[in-house]
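Let's take a walk through this protein together, starting with a few loops and strands and ending with its aromatic rings.

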Amino acid sequence: MKKLLLLIALTFSIVAHAQLDKKYFRKLQSEQIESTDLVEWTQFGPGMSGYCEEFWCHPTNTDVMFMSPDMYNTYGTWDNGKSWHTIKDVDGTGVDMRRVQSITFSHQDPNFGLAIDVRGILYQSNNQGRSWEVMPFEGKGRHSELAVDPTNDNIWYMGAGDFWNVKSNHRTKASLDDPAKGYQYKYAQYGHIYKSTNKGKTWKKIKKGLPETLDVAKIIVDPTKPKNIIMAANSGIYLSKDGGLSWTLGGKGLPNNTPRDLTSYYNAKTKDFVLYLVEQTSFTPEGKTIKCTGGVYSSTDHGKTWKNISGNLAVDMNKISSYGGRQKYWRSIAHWLGLKNDKEAKKLYPEYSTEVYNVLNRIVVNPLNKDEIYISHNTKHDKAFLPGDVWKTNDGGKTWIACARTGRYWSKGKDNAYWQSRNNPTKPNTYYAHLQKEQNEREETFGNRFMQINAKGDVIICLEQQVMRTNNGGDSWNQIDDYETEPGSNAWVGRGGSNLPGRFILTETGIKDRYFFCSGEHGLWQSAPLGKFADKKAVAVTQIEGQVNHKGATSISSVAVHPNNPDIIYMLMFRQDHRGAFRRSMDGGKTWEDIAKPLEHDSNYSMQHIFQYSLTIDPENPDNIYFVVMRNAITEVSSQRAPKGFNKFGVMKSTDGGFTWALANTGLPNNCSVHRIVMDPKNTSTLYAAVNEGKNGEPGGLFISTDKANSWQALKIPAQIKSVNNVFIDRNTNDIFLACGTQTGLLEEGGVWRSNNKGKSWNKIFDMPYIWQVETSPVNPDIITVCVAMPHEKKGACPINPGNYVSLDGGKSWNKINHNLGQPNTIVDFKPDPYREDVFWCALKGSGWSIGYLKGTKKGWSEK
């Protein structure tokens, strides 16, 4: 192990800042250190957060599903959703298989599948998706769709485009009239498909009959006549009779030939093959109101002609009293027609349409019943507006009902008479995890992110950042991201598929076995009793701030506890609600208040971030409180989004318990980036500041204050260090540790350095070019944890070996421990447990939090 580490370190030293050819790069990759199973990691949740619109069900095995949410991990389940595991390479760079665009498996060999990710990289699996390897593929850029011939798994098709980027790819009348005026993603390919006849080993690019603007939504191979291919794209339905070698524009019977989604039903016994699609809703002015076209269509002649099966799908907007729904109705019209805003649309067309289709974008059909069809919309991101996140028909399209109903629009019965006249149930029927309270109190605003159906007819969707499933035909929908330890406990054990922006973990809170977990978008969590939950090595968490509280803080950057009263908790927020405030709870997290706002800036609270860390309270005088505001926030999500004009960077200090604040930068370099601070555990007047490299390449360093941050002086450290990203002091030995390096720097600039004489001399104990964090165990100083970040892919050192490393012998030897951590390049917190030598904790930028046990550990983390 040590020899291999030395070999890679030497390789880094030689090739840093050098131009690498592909063969040499692959050689370096093959020589990387593989993670051991010394530590077994388990993600504990909570499940979903953020945006997920990529989900797939295996075509023949209902136990197998995959999802690829927007925070860049990708997961698979092989037990029907009971547990999820990363399918990324834990020994890779961390950038593989992020935002996978399509995953498809053979119908003959359930183990064989192909996937293509957001970068246009093609992958192959031969074990039902448990692991993947890169395949040669000459195509560059994003492709949106993969399809396999259901009768012959040698034959595969791939469609170009970025069709399913619902957040950005918004259709308008202008793009309907001329697709060249529509959305074009600069990193995607358009205007072609690829075909392979040898299981994806080689591909033929096909353009014949296809426009240059082609953006592919779905490709379906006719199982009754496999030479017949049906494709839905931004510019219409396309048909091929020669196995995809040439194409003609179809869509006869469609009002505008602008399909949003396409699916099919096939009965192998009867040879019954039916295609279904949802058409883009198009608005046309008619006097003071609007008429529209769109809806749902079917084809029974292999896509040649299409029949409207929208039935009673259209809604009378005069009967919808929801203020939000009406405003979104005008917003949708304004967007489609290219008007200034919803106010202009309302002024021009004040009379509500009596028959209007929602803006639909998903459709599935039950593979066991061709008359059971589901459609959905995305209210937040796709200009939709009607209540009911999912609609369905049981009679082939004659009648439709809103079958996924959430929030107070339904619980208050605002328009019950209208819905009852349509024979539509009116009670809410969606059951969430920690979001239930918030969802009960708000109207539907987020819509559905994806929709898939498995071979048994179970439908899986994503509402308000929760994966939901129905196995009773849409009568009810239940989240499948987390387990509740006991009914009504509000304590959740994640199933392993988290898309949560994991952040700082506080393991010492004044109460043993109470740990705090900070997150982006979903507030502050604390550990909770497992109760009767079977797996005693699991971690249960309950939300104590965030969606659980009305107008709670949702994106938490740091948390600290009063040293004399564990019921007093402080926190900082970096974006969204309460951004820039200093927030306090006096009752152990039951209620919260902002007691100051040290960081003011008038900018977008969601999109502009003010990055803070190292919330530190003086144990001898708790009125002295410190934190840092990072100018170069290398470890943060969207680290370049600080508001323009904001300049309160550096060390912030309060001397009155957090009610007033001032910068404490005297002696620090101008415009420096203080990334972390730490208080000397044996002298609270002494603090150390880790100054990392500035955005413009200004050098960093290590600074010390011996007067409670009133002034700072530079400490001498090895000259080759250009950036100090983290400083840590072992409470038992008082050794100082530095985590060093930059994303584009040389190997010699990085690594972990230790001083056992208060900074007079330093020794490098770990050699990697880019280190984010180092800590030691409070119960055993020989246990050292290190978080290795990934150097820039295109600049500087070769991007190998990011992730978690641990030494159990004081830094003499090291183990890479990335087992089941799919984002080794974005581990933002990694530390030993403060009470046990065999337990570790880590937070990942896009995968929540994980607990690690030394191999062989039998007791759970809180068991005595």
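A quick word on element names: helices (H or I, at least four residues) and strands (E, at least two) are DSSP runs, numbered from the N terminus. This is a predicted model, where local features need pLDDT of at least 70 and side-chain atom pairs count only at pLDDT 80 or more, while totals for chains, interfaces and linings use all residues. Residues are numbered from 1 along each chain as its sequence is written, and side-chain values use heavy atoms, with hydrogens and water left out.

Let's begin in the loop between β5 and β6, where you'll find Arg 99. Its phi is near 50°, a positive value in a residue other than glycine. Met 97 sits in the loop between β5 and β6 too, and phi of Met 97 is likewise near 50°, positive in a non-glycine residue. Are these two buried or exposed? Here buried means under 20% relative accessible area, exposed means over 50%, and partly exposed is in between (1.4 Å probe, protein chains only). Met 97 counts as buried because its relative accessibility is 1%. Arg 99 is buried as well, because its relative accessible area is 17%.

The β5 strand brings us to a sheet. Four strands, in the order β2-β3-β4-β5, make an open sheet with antiparallel pairing; two strands pair if DSSP finds at least two bridges between them. At the edges are β2 and β5 (85-86), each pairing on one side only. Between β2 and strand β3 (residues 65-67) there are 3 bridges, and the two run antiparallel. Look for Cys 57, which stands opposite Met 65 in β3.

Cys 57 also leads us to a pocket. To sort open spaces from closed ones, a 1 Å grid is laid over the protein atoms alone: a cavity is a set of points where a 1.4 Å probe fits but cannot get out, a pocket is an open set with protein on both sides within 12 Å along at least five of seven lines, and lining residues have an atom within 4 Å of a point. Grid points are joined across faces, edges and corners, and a volume is the space filled by probe spheres set on the points. The second largest pocket holds about 1500 Å³ of space. It is lined by 50 residues, and those closest to its centre are Cys 57, Pro 59, His 107, Thr 263 and Ser 264. Elements giving two or more residues to this lining include β2 (55-57), β6 (102-105) and β18. Which element gives the most to the lining of the second largest pocket? That's β18, with 7 residues. By class, the lining of this pocket has 30 nonpolar, 13 polar and 7 charged residues. For that tally, Ala, Val, Leu, Ile, Met, Phe, Trp, Tyr, Cys and Pro count as nonpolar, Asp, Glu, Lys and Arg as charged, and the others, Gly among them, as polar.

Now for the enclosed spaces. The whole structure has 7 cavities of 30 Å³ or more, and the largest cavity has a volume of about 200 Å³. Of the 20 residues lining the largest cavity, Asn 169, Arg 171, Ser 175, Gly 182 and Asn 234 lie nearest its centre. The elements that give two or more residues to this lining are α3 (173-177) and β18 (259-267). The lining of the largest cavity divides into 7 nonpolar, 10 polar and 3 charged residues.

Further along the chain, Glu 438 is found in helix α8 (residues 436-441). Glu 438 is partly exposed, with a relative accessible area of 21%. Its C-alpha atom is 8.0 Å from that of Asn 549, although the two are 111 residues apart along the chain.

Strand β41 (residues 612-617) is mostly covered, with 6 of its 6 residues buried. It is joined by 4 bridges to strand β42 (residues 625-629), and the two run antiparallel. In β42, Val 628 is the bridge partner of Tyr 613.

Finally, the aromatics. Rings of Phe, Tyr and Trp (its six-membered ring) pair if their centres lie within 6.5 Å; planes under 30 degrees apart count as stacked, over 60 as edge-to-face and the rest as tilted. There are 42 aromatic pairs in the whole structure. One of them is edge-to-face: Tyr 409 and Trp 410, 5.2 Å centre to centre with 90° between the planes. Both of these residues, Tyr 409 and Trp 410, are buried.
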